[in-house]
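Here is a quick tour of a small set of computed features. Have the sequence and the 3D view open as you read.

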Amino acid sequence: FLKKPEAYIITRKSLSKKGQLMKNALYCRVSTAGQTTENQKMAMNSYCDAYQLNDRVIYEDTISGAMQD
C-alpha cells in the first residue's frame with residue numbers, strides 16, 4: 001500500500017477465488033473542479049511500471065468532499 005498526497009496505490013499479490021491474480025487498484029482524487037488527476041495518474045503509473053505491477057485498474061474521484069456552487 002503506497003500513499004501519496006491525494007493518491008493511493010493498493011497492491012495485492014494474491015489469487016482470487018477463481019485462481020486469477022488480482023488487479024492492483026490505483027485511486028486518485030481532486031477536491032476542486034479546476035484540478036485534474038493527470039499528474040497523479042502519471043506518478044502512479046510510473047511507480048507501477050518500476051515495480052512491474054502491470055495488471056491495474058484506475059479509480060478517479062473529482063470534487064470529492066468539496067462544496068459545489
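What follows covers the fold, the core, the cysteines and two residues around the helix.

## Ground rules

This is a predicted model, so local features need pLDDT of at least 70 and side-chain atom pairs count only at pLDDT 80 or more, while totals for chains, interfaces and linings use all residues. Residues are numbered from 1 along each chain as its sequence is written, and side-chain values use heavy atoms, with hydrogens and water left out.

## Overall layout

The chain has one helix and four strands, where helices (H or I, at least four residues) and strands (E, at least two) are DSSP runs numbered from the N terminus. Reading from the N terminus, the order is β-β-β-α-β.

Of the 69 residues, 20% count as buried; buried means under 20% relative accessible area, exposed over 50%, and partly exposed in between, with a 1.4 Å probe and protein chains only. About 5300 Å² of the chain is exposed, and carbon and sulfur atoms supply 51% of that (Shrake-Rupley method, 1.4 Å probe; for residues, only the protein chains shown count as cover). As for contacts (heavy atoms within 4.5 Å), take those between residues at least 6 apart in sequence: 47% of them join residues at least 24 apart.

## The core and its cysteines

Which residues make up the largest nonpolar core? The five are L26, C28, M44, C48 and L53. Strand 3 and helix 1 each put in at least two of these residues. A nonpolar core here is a set of buried Ala, Val, Leu, Ile, Met, Phe, Trp, Tyr and Cys residues joined through side-chain atoms within 4.5 Å. In soluble globular proteins, nonpolar side chains tend to be buried together.

Both C28 and C48 belong to that core. C28 is buried because its relative accessibility is 0%, and C48 also comes out buried, at 0%. Looking for a disulfide (a pair of cysteine sulfur atoms within 2.5 Å)? The search of the whole structure turned up zero.

## Around the start of the helix

T37 sits in the loop between strand 3 (24-29) and helix 1 (38-50). Is T37 buried or exposed? With 4% relative accessibility, T37 counts as buried. Setting aside neighbours within four places in sequence, T37 touches C28, R29, V30, E60 and D61.

Q40 is in helix 1 and counts as buried because its relative accessibility is 15%. The Q40 side chain comes to 3.1 Å from the backbone oxygen of R29. R29 is also one of the residues that T37 contacts.

How values were computed
Disulfide = S-S within 2.5 Å. Polar contact = N/O pair within 3.5 Å; in protein donor to acceptor, adjacent residues only side chain to side chain.
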